[in-house]
Amino acid sequence: MNLLMVILAYRNLARNKVRTTMVITMIASSLVLLMFFQGFMEGVIEQMTKDTVRSQTSDITIYGKKYRKEKELNNRLTHKKYVLKQLSNVDIIQDHFQRLEHDAMIASAYYSQGIKLVGLEAEKEKNEFILSTRIKKGEYHFPKENSIWIGHALAEKLGIDIHRKVVLTVQDSDGEITGEAFRVVATIQTNNPKIDRATAFISLEKAKSFFKMDDITQLSIKLNNQATLIEARDMIQDKIGDPYEVFTWRQLFPSLQFMETATSSYIKICYAILFIIMMIGFVGVIMMSIMERVREFGIMLAIGHKFKQISWIVFWESLIMSFYGFLIGMGIGFGILYISNQTGINLSLFGDGFEQFGIANIIYPPIKLSYCLTPFIAIMITSMLSIIWPLRILYKLKPIQSIQFN
Amino acid sequence: MSIITLANISKTYSEKTAYKTIALDDISLAVTEGEFLAISGPSGSGKTTLLNLIGGLDSPSKGRIILNNNDITGLKENELSQIRLHHIGFIFQAYNLIPVLTAMENMEYILMLQRVKKQERQQRVKDVASRLKIDELLHKKPSEMSGGQQQRVAIARAIVSKPKLILADEPTANLDSKTSDILLELMKELNEEHKMTFIFATHDSSVIQKAKRHISLLDGMVLDDTTK
C-alpha cells in the first residue's frame, strides 16, 4: 500500500514540474549556503587554533607551580631531569619539547621595544609546531649561536630585514642586566598578532646561556591520542606532583574554546533560522499544492480512501522533494567545499587586515561528514512538520465539502 | 430486501444563522436491492444532497440512514470510508478520475485499497474493461481521453469492486446524447445482469425514462415516487 502512495506522490510531483523544481532548488541552495558557511567558519576557527596553539605549545604543557600567574624566571620549571624521568615510561606520550621564555628588550638602529624571547629546539619542533611552515623570509634553522628569528611585523617596526643585526637585552637568572647582538636569519608570519608583533626566537641552548640557567620554563607534551587529553593531564599531574602545574591546550587558550563554542552556537542559530524560513516556504508550497487538489482528495475519500492514506501521499511528496533537495545540496555543497579545501578561500580579495584579528588570509574549510547528518535530520523534520498545518485544514473538511471545494 | 432505508431524513445548512437553508425535509424512503432508481427535480431540490447522505459523504441533521441493515448515521469518517470502499460505487458528473493514473490504474486502485491480490485485480480489471469495451484505453491517462471515454472508465472504476450500490450524480450531464444513451444502456445491463442497485440524481429525461423507479423532489421533499 505504501508503495502505491509513493508512486502517487512521485506522479503528483511531476504534475507541476516548475514548482517541484523550485522547492528542490530552495532546499538545495539553502544547504549549499549552510555547508559553505559552516565549513568556512570552522576553517577559520581551526586555522586560528592551529596558529595560536601550535606556535606556542603542544597537547599538554607543564609549567613551574606559579609560572602561569607570574612569568618570572624564579617560577621556572626546575628539576627537569626528574620530570622527564617520570614521564619516560608513560606510553600515551609521543614526544616532548622544551622551551625557555622570558621578557626581553629588542633594539635596532631605528627602534626598540619589549618582546617575548623564546628559546626552542628548532629541529625537534619542526614537525609538531607550525613555525617551520610560517617562515616569511629566511630559513628555519639557527646557523650560528647568535642567530634569531623575529615576527615579520616586529621586523617592520624595527625597520630591519633578514641578515641585519639587533641587540637583545635581558635580565638573567641572577638578576643582572645583560645584552648581546643577534643576526636576524628569518622573519615569521603566523597570523597570531602576539607572535608577529612581539616575539623573537633563538635556540634553546643559546637561551640557556643568555639567561645563565640550565632550566626551562615550559615542557610541552605531544600525546598519541587527543581524545585522552583530560585523562593524560591528570595522570601527568599525579606522576610529577605538586611543584608543577599541568594544562591542556584548551585550558591555556580559553578564548579559543569560547570562540569554538560561540561559532558552533552561531552556526546552530543560522541553521535554525534558515530551516524556519525554509519551513514557512515549504508550508506555503504544500498548502498551495493541497488546496489545488482538495477536490481530488475529496474524490479519493469518496471512493474509500482513509484520511491517513491521503496524509501518506502528502508526506511522501514532501519527503521526496526534501530528499532530492538534500542530495543535490549535499553534492554541490561538498563539491564547493572540496574545491575550497584544495585551493583555499583567499580573504585578501575581500579586504585587508584579517591577520590583525588572528585570521589567516587564506582559509581552508574542512570537509566533515557531520555537515551531512545535521541538515539531513533538520530537513526531514522540517518536511514532516510543514505538512501538519495544510493537512489539518484538509482534515477539517468533510468529503462532500472537499468535492465541492472551489 | 432493502439495501438502503432513509428514516425521516432532514438536512439543514447554516442551521444557526440567518442563512438557514433546508435542503431535505423529513424524507423517508426505502430502496430494494437491484433497483434502477432515478431521483429528479429542479436545481436546489435536494437530489445531490440526498445522494451524498446515502453515500455517507455528508451527515444528516436529523433522521437515520440504514445501509445493508447497518445504521450508518453518526459513524466516524474512517468507518464511513470503509463502507464506501466495500459497498458503494460512485459515478460523478465530472468523471473525477485520478489524473496521474492510467485508466487501468484508476480501476485497479480501488481493488488495491481493498487489498485484493495482484493476479485477481488484473483479472477483474480486464473483465470489466472488456465488458465496457475500454480495453484500448487501459494505458491512457484521463487527459488523453474524451469525456465519454472518461465516464466509461469512471463506470468501470465504480463497478470493478462489485459494490451492491452505485450512486451516480448527473452521470450524463457532460456527455452528448449518443454517448449518454450508450452508457445508460450499459448501466442498465449491469443492473440486470449483476443485480447492482443504481441510484441516479439527474435532470436527464433519458435517464428518467430508463429508470424502473422515479422519485421526484421539490424543495427537499418527495413530490412523487413512481415505480414502472
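A salt bridge here is a side-chain nitrogen of Lys or Arg within 4 Å of a carboxyl oxygen of Asp or Glu. Keep that cut-off in mind as you click around this predicted model.

**Stop one: a pair across the chains.** Select Lys398(A) and Asp58(B). Their closest N and O atoms are 3.7 Å apart, which makes the pair a salt bridge because the cut-off is 4 Å. The interface of chain B and chain A has two salt bridges by this rule. Side chains of opposite charge can pair when their charged atoms come close.

**Stop two: the whole interface.** Now show everything where the two chains meet. You should find 26 residues of chain B in contact with 24 residues of chain A. Together the chains bury about 2,300 Å², and 64% of that is on carbon and sulfur atoms. Turn on polar contacts too: eight residue pairs across the interface qualify, with both partners at pLDDT 80 or more.

Which elements of chain B give two or more residues to the side that touches chain A? Colour helix H2 (77–87) and helix H3 (103–113) of chain B, and you have them. H2(B) gives the most, with six residues. If you colour that side of chain B by class, you get 13 nonpolar, seven polar and six charged residues.

**Stop three: the sheet in chain B.** Stay on chain B and switch to cartoon. Four strands make an open, antiparallel sheet, in the order E2-E1-E4-E5. At the edges sit strand E2 (21–32) and strand E5 (70–71), each pairing on one side only. Zoom in on strand E1 (residues 2–13): eight bridges join E1(B) to E2(B), and the two run antiparallel. For a landmark, pick Ile4(B), which stands opposite Val31(B) in E2(B).

What packs on this sheet? Select helix H1 (residues 47–54) of chain B, which touches E1, E2 and strand E4 (62–67). Look along E1(B) and compare directions: H1(B) makes about 125 degrees with E1(B).

**Last stop: a long reach in chain A.** Over all chains, the structure holds 34 salt bridges. One of them to pick out is Arg19(A) with Glu292(A), where the closest N and O atoms are 3.1 Å apart. Show helix H2 (residues 17–53) and helix H10 (residues 254–292) of chain A as well: Arg19(A) lies in the former and Glu292(A) in the latter, so the pair ties together parts that are 273 residues apart in sequence.

Notes: Residues numbered from 1 in each chain as written. Chains lettered and ligands numbered in written order. Predicted model: local features only at pLDDT ≥ 70, side-chain atom pairs only at ≥ 80, totals over all residues. Heavy atoms only, no water. Pairing = 2+ DSSP bridges. Contact = heavy atoms within 4.5 Å. Axes fitted to C-alpha atoms, helices over the stretch in contact; angles between N-to-C directions. Buried area = accessible area lost by both parts, 1.4 Å probe. Polar contact = N/O pair within 3.5 Å; in protein donor to acceptor, adjacent residues only side chain to side chain. Nonpolar A, V, L, I, M, F, W, Y, C, P; charged D, E, K, R; others polar.
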